[in-house]
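Please look through the sequence and the model below before reading on. The paragraphs that follow take up the disulfides, then a helix pair and a hairpin, and finally a strand residue and a helix.

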Amino acid sequence: MGMGITRSHVFFVTGLCVGFLYMHYIVYSDPSTAEPAFFPLGHTNDVMKMMNVPLLMFKCSHPDKNESTLSQNVRVLCWIMTGPRNLESRAKHIRATWAKRCNKILYMSSVETDFPTVGLNVSEGRDQLYWKTIRAFQYIYQHHQNDYDWFLKADDDTFVVIENLRHILSKQDPKKPVYFGRRFAPFVHQGYMSGGAGYVLSKEALKRFIEGFDKGKCTHFSTIEDMALGKCMETMNVEPGDSRDVKGRQTFHPYPPDKYLIKQQPRKRPWYLIYDHYKPREGPECCSDHAVSFHYIYPVQMYMLDYFTYHLRPYGYKYRYNPDVTTTEVESNNTTTVSD
Amino acid sequence: MLSEGSSFMKGMALGGIFCLVLALLGSFTPGMQSSPEDQHHHHHIKAPSTDELQRLSEPQMVELTKKVRVYCVVMVQPKVLVYWATAKDTWSKHCDQAVFYSSESTKALEAVDLNEKDEWARLRKALKHAYDNAGDLRWFFVARPTTFAIIENLKYLLLVKDPNEPFYIGHTVKSGELEYVEYDSGIVLSYEALERLVKVFKDEEKCPERGRALWKLSEEKQLAVCLKYTGVFAENGEDVHGKGLFNGKSVSSLIEESMVKNPQDVVEGCCSDLAVTFGGMSPSQMQVMMFGVYRLRPYGHDFHDSLILLPPEGSDND
């Protein structure tokens, strides 16, 4: 070795670095695993690494065109009936889960806050609910009547699947006087929609509701919000729609899922199904796969339903229910067994 | 000029070789013995990524779907009849074969009567029976009466795993030196693991039937000990994000915990989208779970999964 550092030495060291880095790049260049692609030692992902197959897609992927166009074409304004006492304990969890899927969300209260809530000219209490409803719809009509097609009312303990609501409404005309929900039979001749399960008014229905109060045809004749609104709908010739799915299963539910789904022996209608206009079913036929709402849902169940609806799923499962398949298509379908 | 050039080339060659040597050494992670039984020493089993699955051709995918078939070993007891009835009418319909094993015979429920009160002896007998009656099924899933399993997600986890290799998967717990799979979250065994287990059952020294009298280990730990003797180690089942797929607690318990731990992101912070099991479930919760898992969903969401699993015949709640 020479005494000083010669130019050769510099070149040598440079070469050393270049050689090392180049080899490093080659060896570790497989981006899909953290391990050297060349070495079968260490973790072998068994069957996978044996196969040298060209990239083939098993199922072609197409974007969720359905979903985004529905959101544009079926604009839903949601308003939540709440109050100062329930913001932290209930409304907060609605805000954290399904509220963001509405085209517009409004939290209606007696007091305006940064939640944000709209402050209506009412007081709190069960006997104020119909006043709140009237004032809420008046506020919405004043500020938003032209921006949305449908207007949903829900309680702060109602869980709603907006996509399923839009699916139902996409087949309806918002210019027609109609409203949807869980139809109850008593008190009003044409029936009325359960308040807890949530109900949704078409643009025309909203207009007629406001008109009814403007002209004195509808009044605050009762504190029972859902029944009273149902009476006003009848007075103003707004039709109660049928929200059941193509298999006749209910989509709006005034109680939590366990009240309906548990299999029972055939029996007389239990008290919580007494009001139903359409003959209710107990057990799995109660409820549509594309359910729209459940009521008496407290925070833990709110997140659970959110998890079940939008997250937890069986991988690869071919769902039985397909609302878009017509009967003729079903008959000609050949199902080939893959996993048997 | 020439000498500098050759110095450079020598340097490059040396640098490259040095790097290769380091990479080679790097594959031998410390602590890993090279004995053939210990070859399967990784502790985390991850579900396959979309990339991995998309590299498979359609016929390969069909092949794999046919191979990943599950024999469910469901442990029941006559005193809690409703759990047997519920498991039979809910999740177990999605197993390729579901067999119920009871502690004692009773006309009320259809099950293989093991005639055994001791939990460990019962588990041994059930596993031996399953091994003898496996037919061409190569994966075994052991559940307690309060466990709910989503078999499709189990198949997804096992899709590219070879059942002729020893696998013992679930929610792993460490107890001193022993790592075992928690019983309540479900235990998964490959055919190879079960075969080795059945062999070591005959060894009263390593794997006694009545357990060591003095310090009675729980059956889940005894299972781990016996398997360890055959070179099979517990592995934690996780999704591609590292979230555990096997849960010993119910959905509501986990959500409650998440509300405390991750109040801003309760659902994301809770459980995997492709969870395989939940434990501590009541019969009513299981019925609701069938709806929540197999039916309730938003219109218009398509997942483009890489395989198709058909619903079971003659079932009305999925």
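When the bonded cysteines of chain B are numbered in sequence order, they pair as 1-2, 3-4, 5-6, and in chain A, with bonded cysteines counted along the chain, the disulfides follow the pattern 1-2, 3-4, 5-6 as well. The model is a predicted one, and over all its chains it holds six disulfides. A disulfide is a covalent bond between the sulfur atoms of two cysteines.

One of the disulfides of chain B is formed by B:Cys207 and B:Cys226, whose sulfur atoms lie 1.9 Å apart. Because the torsion about the S-S bond of B:Cys207 and B:Cys226 is about 95°, this disulfide is right-handed. The pair links distant parts of the chain, since B:Cys207 sits in the loop between α7 (191-200) and α8 (219-229) of chain B while B:Cys226 belongs to helix α8 of chain B, 19 residues apart. Are these two cysteines buried or exposed? B:Cys207 has a relative accessible area of 0% and is therefore buried, and B:Cys226, with a relative accessible area of 3%, is buried too.

Another disulfide in chain B joins B:Cys270 to B:Cys271, with an S to S distance of 2.0 Å. Here B:Cys270 has a relative accessibility of 16% and so counts as buried, because the cut-off for a buried residue is under 20% relative accessible area. Its partner B:Cys271 is likewise buried, with a relative accessible area of 2%.

In chain A, a disulfide joins A:Cys78 to A:Cys102, with an S to S distance of 2.1 Å, and with -100° about the S-S bond this link is left-handed. It connects distant parts of the chain: A:Cys78 lies in strand β1 (residues 76-81) of chain A, whereas A:Cys102 lies in the loop between α4 (87-96) and β2 (104-109) of chain A, and the two are 24 residues apart. A:Cys78 is buried, its relative accessible area being 0%, and A:Cys102 is buried with a relative accessible area of 8%.

Returning to chain B, the helix that carries B:Cys226 also takes part in a helix pair. Two packed helices are described by the angle between their axes and the distance between the axes. How do α7(B) and α8(B) pack, and at what angle? Their axes are 9 Å apart and the angle is about 95°, which means that α7(B) is roughly perpendicular to α8(B), because angles of 65 to 115 degrees count as roughly perpendicular. From α7(B) the contact is made by B:Ala193, B:Leu197 and B:Val200, and from α8(B) by B:Leu223, B:Cys226, B:Leu227 and B:Tyr229. The residues of this contact divide into seven nonpolar, no polar and no charged. B:Cys226 thus has two roles to follow in the model, as a residue of the contact between α7(B) and α8(B) and as a disulfide partner of B:Cys207.

Chain B also contains a hairpin, in which strand β8 (residues 172-175) of chain B and strand β9 (residues 178-181) of chain B run antiparallel and are joined by four bridges. Which residue of β9(B) is the bridge partner of B:Ser175? That partner is B:Leu178. The hairpin has two residues between the strands, and B:Gly176 takes a positive phi near 65°.

For chain A, the secondary structure comes to 11 helices and 11 strands. Of its 340 residues, 49% are buried, and among contacts in chain A with a separation of 6 or more, 73% come from residues 24 or more positions apart. A residue to examine here is A:Asp155, found in strand β4 (residues 150-155) of chain A. With a relative accessibility of 16%, A:Asp155 counts as buried. When neighbours within four places in sequence are left aside, A:Asp155 is in contact with A:Ile80, A:Met81, A:Ile94, A:Gly195, A:Gly196 and A:His295.

Further along chain A, helix α8 (residues 225-235) is mostly covered, with nine of its 11 residues buried. The buried residues of α8(A) include the acidic side chains of A:Glu225, A:Asp226 and A:Glu234, and among them are also A:Met227, A:Leu229, A:Cys232 and A:Met233. Just after α8(A), A:Asn237 takes a positive phi of about 60°.

Notes:
Residues are numbered from 1 along each chain as its sequence is written. Chains are lettered from A and ligands numbered from 1 in the order in which they are written. This is a predicted model: local features need pLDDT of at least 70, side-chain atom pairs count only at pLDDT 80 or more; totals for chains, interfaces and linings use all residues. Side-chain values use heavy atoms; hydrogens and water are left out. Two strands pair if DSSP finds at least two bridges between them. Buried means under 20% relative accessible area, exposed over 50%, partly exposed in between (1.4 Å probe, protein chains only). A disulfide is a pair of cysteine sulfur atoms within 2.5 Å. Contact means heavy atoms within 4.5 Å. Axes are lines fitted to C-alpha atoms, for helices over the stretch in contact, and angles run from 0 to 180 degrees between N-to-C directions. Angles under 35 degrees count as roughly parallel, over 145 as roughly antiparallel, 65 to 115 as roughly perpendicular and the rest as oblique. Ala, Val, Leu, Ile, Met, Phe, Trp, Tyr, Cys and Pro count as nonpolar, Asp, Glu, Lys and Arg as charged, and the others, Gly among them, as polar.
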